[in-house]
Amino acid sequence: MVGTGEYTTGFVGGGASGSDKKVGVVGLTMFDLRRRGKVGQLSMVGTSGTKYPAIREHLHKNITQFYNGLDTSFQSYPADDKVDPHAYKAAIDALSPGDAITIFTPDTTHYPIALYAIERKIHVLITKPAVKSLAHHLALLEAAKKHGVFVYIEHHKRYDPAYADARFKAQSLGDFNYFYSYMSQPKSQLETFKAWAGVDSDISYYLNSHHIDINESMVQMLGYTPVKVSASASKGTALDLGCAPQTEDTISLLVHWVKTADPSKRATGVYTASWTAPQKAGVHSNQYFHYMASGGEIRIDQAKRGYDVADDRAGQLMWYNPFYMRYAPDEEGNFGGQGGYGYVSFEKFVDGCRAVNERGVEALEVLDKRRLPTLRNTVATTAILEAGRRAIDEGREVGIEEKDGVWSLI
């Protein structure tokens, strides 16, 4: 597990995160997959080893003691008294071909870490966005093909039951016409992300990546491809919160889609993401979309799922999302969230790694054909995200071109 922050351990700033990931996602999932016999030895790597004693205490208290003694042991890099921004190399070097890593680190680090692992025949899961540039995405795709490893992008919204069903139903609603999405997180998250927000990445890469992937995976099978992108960004709130001057609050991308078999048929996608939403909106993340086609439409609001809790300690009404990670234990006291779409996403990756290790490189083609969020199946999403960033920086509309399987921005 590369990265020791909120998503991996739930440990932020010296204690449990204040978000909905108080005990993390990656670590808890991997500890449970080990209990179930699907993974073996686990290790964790960050840049500062001085955090590990507190992280181990946090995991023992909030996972081991809560879930029937669930084993939270792991090998750590660097040593507890060391700081090393390149410790991931020693951690990966300790693995064997066919082993796997997960990458949950700032976006600019995804490419070098993933490439280092791929070149050593290690399977790789990368949090979204895969990388920040189309060139890096294509380079990783070529390297993965050369070394015969499985590279999977952790687009967990694909496994949200409502989103998954919507992707299926969209196939029978005719030609794609319009898509609008919104996704947000409260401004308190900028305290967690302050070190890299607006510097290493932006809110579009971080959150728009979810719905761009959902939309692209819906219409790819209908023959639609993105051809040009424009973008707009708002600023001010993040700066007042102490973030870097270039940090945008909210970013909207406008994407033009064309049906390759009939260019007269066009569609529009609008994707908006913000990390300056109100602190007490009752949800950690507002997330919804509207999909319209020639034969019908789909609307999904996955912020308020018909489940609200009034708790005097919170001082407000809260809407929770147990469909993502259900932290309640099962009837035996073990972790019981194996059906949550956050957990399912990682299990899909682990199962894919096992399939490649057992059946060889031909399994990679099978995994691509299953339309999992593999490197090959997410190229368009990276192209759109980079085009959006360039559209803001360069103040122009950016084109996307795909000829004979070769993608480029123009």
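Where is the place of asparagine 377? The first view below shows the loop that holds it, between helix 12 (362–369) and helix 13 (379–394). This is a predicted model, in which local features need pLDDT of at least 70, side-chain atom pairs count only at pLDDT 80 or more, and totals for chains, interfaces and linings use all residues. Residues are numbered from 1 along each chain as its sequence is written, and side-chain values use heavy atoms, with hydrogens and water left out.

**View 1. Asparagine 377 is buried in its loop.** Its relative accessible area is 10% (buried means under 20%, with a 1.4 Å probe and protein chains only). A polar atom of the asparagine 377 side chain lies 2.9 Å from the backbone oxygen of aspartate 368. For the backbone oxygen of leucine 372, the distance to a polar atom of that side chain is 2.9 Å.

**View 2. Helix 2 (residues 26–35) is mostly covered.** Here 9 of its 10 residues are buried, including Leu28, Met30 and Phe31. Helices are DSSP runs of H or I with at least four residues, strands are runs of E with at least two, and both are numbered from the N terminus. The buried residues of helix 2 pack against helix 1 (6–9), helix 3 (52–64), strand 5 and helix 11. Just after helix 2, glycine 37 has a positive phi of about 85 degrees.

Note on methods: Buried means under 20% relative accessible area, exposed over 50%, partly exposed in between (1.4 Å probe, protein chains only). Contact means heavy atoms within 4.5 Å. A polar contact is a pair of N or O atoms within 3.5 Å; within protein, one must be able to donate a hydrogen and the other to accept it, and residues adjacent in sequence count only if both atoms are side-chain atoms.
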